[in-house]
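Please open the model in your viewer, with the backbone drawn as a cartoon and the side chains ready to be switched on. The tour below proceeds selection by selection, and each stop says what is to be found there.

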Amino acid sequence: MKYFTEKELACQHCGEVGIDHDFMSTIEELREELGFPFVVTSGYRCAEHPIEKQKSSPGAHQSGRAIDLAVHGERAMKLIDAAREKGFKRIGVAQKGSLSSRFIHLDDCVGKASPALWSY
């Protein structure tokens, strides 16, 4: 990968690298097209990750086809627009509170409700 390391995409609980490479190719294309950096706040999550353990069924991050990116303001809008153009139909938006806690969630999980747009 040109813009991301396996370490930043790995599970923050166990360190396993379970991110899907095809999914990340599309994220890399978004990064290239937009021309600004994406800070990954969450990539792959194993089944034992504290957030995943709270869920009744496996979440999108557990599939390796989801990512949370720390962006806000105009960059968040540009990311959402570009992601939709790339075919992403599942987008989560966290844009309230301190700037450091704002992010955009993208996933392309098959079998999950789609299209879906939600806020945290």
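Which residue in β2 is the bridge partner of serine 42? Select serine 42 and look across to β2, where aspartate 68 is its bridge partner. Before going further, note that this is a predicted model, in which local features need pLDDT of at least 70 and side-chain atom pairs count only at pLDDT 80 or more, while totals for chains, interfaces and linings use all residues. Residues are numbered from 1 along each chain as its sequence is written, and side-chain values use heavy atoms, with hydrogens and water left out.

**The sheet**

Keep aspartate 68 selected and add histidine 105, which is the bridge partner of aspartate 68 in β4. Next, select isoleucine 67, which stands opposite leucine 106 in β4. Helices and strands here are DSSP runs numbered from the N terminus (H or I of at least four residues for helices, E of at least two for strands), and two strands are taken to pair if DSSP finds at least two bridges between them. By that criterion β1 and β2 pair in the antiparallel sense over three bridges, and four bridges join β2, residues 66–70, to β4, residues 103–107, again with an antiparallel course.

Now show the whole sheet, which is open and has five strands in the order β1-β2-β4-β3-β5, with mixed pairing. At the edges stand β1 (39–42) and β5 (116–119), and because each has a single partner strand, one side of each is left without a neighbour in the sheet. Neighbouring strands of this sheet are turned by 25° against each other on average, direction ignored; axes are lines fitted to C-alpha atoms, for helices over the stretch in contact, and angles run from 0 to 180 degrees between N-to-C directions. If you colour by burial (buried means under 20% relative accessible area, exposed over 50%, and partly exposed in between, with a 1.4 Å probe and protein chains only), β2 appears mostly covered, with four of its five residues buried.

**The helix across the sheet**

Select residues 73–85, which form helix α4; this helix lies across β2, β3 (90–94) and β4, and runs at about 10° to β4. For its 13 residues, a rise of 1.5 Å a residue gives an expected span of 18 Å, and the end C-alpha atoms are 19 Å apart, which agrees; the expected span is 1.5 Å times one less than the number of residues. Show the side chains of Ala76, Leu79, Ile80, Ala82 and Ala83, which are buried in α4. What covers the buried residues of α4 includes α2, β2, β3 and β4. After α4 comes glycine 87, whose phi is positive, near 105°.

**Arginine 90**

Is arginine 90, which is found in strand β3, buried or exposed? At 10% relative accessibility, arginine 90 counts as buried. Its side chain makes a polar contact with the side chain of aspartate 107 at 2.6 Å, and the side chain of arginine 90 also reaches the backbone oxygen of alanine 113 at 2.6 Å. A polar contact is a pair of N or O atoms within 3.5 Å; within protein, one must be able to donate a hydrogen and the other to accept it, and residues adjacent in sequence count only if both atoms are side-chain atoms. Not counting residues up to four places away in sequence, arginine 90 touches a set of residues including His105, Leu106, Cys109 and Trp118, where contact means heavy atoms within 4.5 Å.

**Aromatic rings and leucine 9**

The structure holds five aromatic pairs. Rings of Phe, Tyr and Trp (its six-membered ring) pair if their centres lie within 6.5 Å, and planes under 30 degrees apart count as stacked, over 60 as edge-to-face and the rest as tilted. Select phenylalanine 4 and phenylalanine 38, a tilted pair with 6.4 Å centre to centre and 35° between the planes. Phenylalanine 4 is buried at a relative accessible area of 4%, and phenylalanine 38 is buried at 5%. Adding Phe36 completes one aromatic cluster of Phe4, Phe36 and Phe38.

Finally, select leucine 9 in helix α1, which is buried, with a relative accessible area of 0%. Among the residues that leucine 9 touches, not counting those up to four places away in sequence, are Phe4, Met24, Val40 and Ile67.
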